[in-house]
Amino acid sequence: MKKRLILFIFAAASLAGGYAKTDKKTNVLDLKTSITDPAIVYPESFEADTQKLLEGWFIKNYTATDNRYATEPDVEASDEEMVKRLSALPTVIEMPYNQIVRSYIDRYTQKSRAQIAAILGLSLYYMPIFEQALEEQGLPLELKYLPVIESGLNPNAVSRHGATGLWQFMLGTAKGLGLEVNSLVDERRDPYVASERAVSYLKDLYSAYGDWSLAIAAYNCGPGTVNKAIRRAGGEAKDHDFWSIYNYLPAETRGYVPMFIAANYVMEYYPKHNISPVLPVKPLVIDTLQIAERIHFNQISKVLDIPVEELRILNPQFRADVIPGTTESPYTLILPSQQIHAYLMSENDIRNFEPDKYGKRSVVEPGEVPNDAMLAVEATEVWPEDMGEADVALAAAQGKPSIIVHKVAAGESLASIAEKYGVSPADIKKSNNLRRNAVRVGQQLRISTSSPGDAPVMAASQPEKATRATAKTPATKQTVKKSSKPAGPITHKLRNGESLSSLSKKYGVSIADIKKANGMTNDKLRAGSTIKIPAKSNSTKKSTAKKSSKKKSKKRRR
């Protein structure tokens, strides 16, 4: 048994050594026709929204299809017939046949027949654009079928990774190629500009690899991924093509070149598979204009009686139906050729069609607010550092709701600030969305004193602060003027430890006047309840003045 195991290992090693010494070019040629893959992953772009394609504005208005693709089944073709048809394609790029290519052809001709019918209709418009771009750069015309597998010829296609447009450019690649992408314009969706840049990019990739299968694979997954696959496969890069690095590529990229070959096949041989030929109902002849002002599609549509959907089909690069043209940076607008003259004749009408609705305001003046409304708004928020605190108390006593904005000073805490304004710490936290009890120096806290009973009563502010407040706003000026008059009656919320005596000293009114104003028969006060503080009476002022004069006369005698 042990001897047999040793012989088996030796035989396996000999086979492996023999394989390693085999000429790599021979293996590449063999792989093109013999490679198989039991776990094919179809690229995301293959699964287009077929129903949307069939119901698209262009298909419904410019083409006509029969339902042969739906009523008649696919016509089976042998492998030999497939090889013969692929070999007959007039292409520079090699189109080998193998099990993987066959799986994609079958998917197109059997499961995606409606999709192919829609793509054939769209190709009437898009293929001449692709061919022109390829012809200008001298690249193989069969590359025009790359957008078929990339986007299903949908200029607004967006992959789950953010690749956009007919050629499915990622944002970074697009900007690197000089395409404009912002909220209003996305040139990845522009059939002409995007095709020009895509062809230029393909030309650079072919210059780097010298092999179209590798260049096409790199277009899908990026040169870095292809280079890594070549390194993992070993040997010289010049000896490799797509098929020799197939197993070292990401699963989705493995299907990219086979899918490209299948697209070339089905776009040429669709009649042989009972897929409906799409015929043009009316020609779409287009022309261009340079727009050097901001114009909305709706303005063009209403004046020229062109469906907005047609403008979108012809100009998919304008993401918000807005042409943001300026004299320094005009944009190209594509229209049916018969509408070009109409646009030129109606430029003023288009520009002036509902300009308030579609124009962009460059300068905006704030709307005027009635004086009463302005006073009401401004009276709702005051700043203690700019306005006397006694004036805030007066505003609250007069029933004017206020929000005090307090700037936290050194040594202050949430509890001390709450005590200062006669509110609870929980109220301050709620008004400022605070999760903790900590406050920081310089932090601004909004403190609501919306109820007259909750209004803080504090010492009068310094004269210079009142002066600054006077210069602030009309509302502040009005409040400061009122503060010079006798304040009262004031509603005061009682705290622990307060007595009639302390209230009398605090507000400069007699105990008797306080008791009279509140109908009190005794001196007892209850914390949390409210009490009215009457205005200073003339007798109180006189008695206060007499006391102060007596004190002064006593001092003089001494």
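Me: Hi! Where is Asp321 found, and between which helix and strand?
Reply: Happy to help: this is a predicted model, where local features need pLDDT of at least 70, side-chain atom pairs count only at pLDDT 80 or more, and totals for chains, interfaces and linings use all residues. Residues are numbered from 1 along each chain as its sequence is written, and side-chain values use heavy atoms, leaving out hydrogens and water. Helices (H or I, at least four residues) and strands (E, at least two) are DSSP runs, numbered from the N terminus. With that in hand, Asp321 sits in the loop between helix 17 (308–314) and strand 5 (322–324).

Me: Is Asp321 buried or exposed?
Reply: Here buried means under 20% relative accessible area, exposed means over 50%, and partly exposed is in between (1.4 Å probe, protein chains only). The relative accessible area of Asp321 is 12%, so Asp321 counts as buried.

Me: What is phi of Asp321 near?
Reply: Most residues other than glycine have a negative phi. Asp321 is a residue other than glycine with a positive value, near 60°.

Me: Which loop holds Leu153, and what is the relative accessibility of Leu153?
Reply: Leu153 lies in the loop between helix 9 and helix 10 (171–176). Its phi is positive, near 60°, in a residue other than glycine. Leu153 counts as buried because its relative accessibility is 1%.

Me: How many helices and strands are there in the protein, and what share of the residues is buried?
Reply: The protein holds 29 helices and 11 strands. Of its 558 residues, the buried share is 41%.

Me: Why are the buried residues of helix 13 on the same side, and which residues are they?
Reply: Helix 13 covers residues 223–233. Its buried residues span an arc (taken from the directions from the helix axis to the C-beta atoms) of only 100° around the axis, so they share one side of helix 13. They are Val226, Ala229, Ile230 and Ala233.

Me: Which residues are exposed on the other side of helix 13, and which residue follows helix 13?
Reply: The exposed residues on the other side are Arg231 and Arg232. Arg231 has a relative accessible area of 60%, which means exposed. Right after helix 13, with a positive phi near 80°, comes Gly234.

Me: How far does helix 7 reach from its first C-alpha to its last?
Reply: Helix 7 (residues 99–111) has 13 residues. The expected span is 1.5 Å times one less than the number of residues, and for helix 7 this gives 18 Å. Close to that value, helix 7 reaches 17 Å.

Me: Which residue has a side-chain oxygen at the start of helix 7, and which helices cover the buried residues there?
Reply: A polar contact is a pair of N or O atoms within 3.5 Å; within protein, one must be able to donate a hydrogen and the other to accept it, and residues adjacent in sequence count only if both atoms are side-chain atoms. At the start of helix 7, the backbone nitrogen of Ile100 lies within 3.1 Å of a side-chain oxygen of Asn98. The buried residues of helix 7 include Ile100, Val101 and Tyr104. Their cover includes helix 6 (79–88), helix 8 (113–137), helix 9 (146–151) and helix 15 (256–269).

Me: At what angle do the axes of helix 6 and helix 15 cross?
Reply: Axes are lines fitted to C-alpha atoms, for helices over the stretch in contact, and angles run from 0 to 180 degrees between N-to-C directions. Angles under 35 degrees count as roughly parallel, over 145 as roughly antiparallel, 65 to 115 as roughly perpendicular and the rest as oblique. The two axes come within 10 Å and cross at roughly 90°. That makes helix 6, relative to helix 15, roughly perpendicular.

Me: Which residues of helix 15 meet Met82, Arg85, Leu86 and Ala88 of helix 6?
Reply: Contact means heavy atoms within 4.5 Å. By that rule, the four helix 6 residues meet Ile261, Tyr265 and Tyr269.

Me: Which backbone oxygen does the side chain of Asn264 reach?
Reply: Asn264 lies in helix 15 and is buried, with a relative accessible area of 3%. Not counting residues up to four places away in sequence, Asn264 touches Leu89, Thr91, Met95, Glu142 and Tyr145. At 3.0 Å, its side chain reaches the backbone oxygen of Phe260.

Me: Which residue joins its side chain to that of Gln290 in a polar contact?
Reply: Gln290 belongs to strand 3 (residues 286–291). Leaving aside neighbours within four places in sequence, Gln290 is in contact with Pro330, Tyr331 and Thr332. The polar contact, at 2.7 Å, is with the side chain of Thr332.
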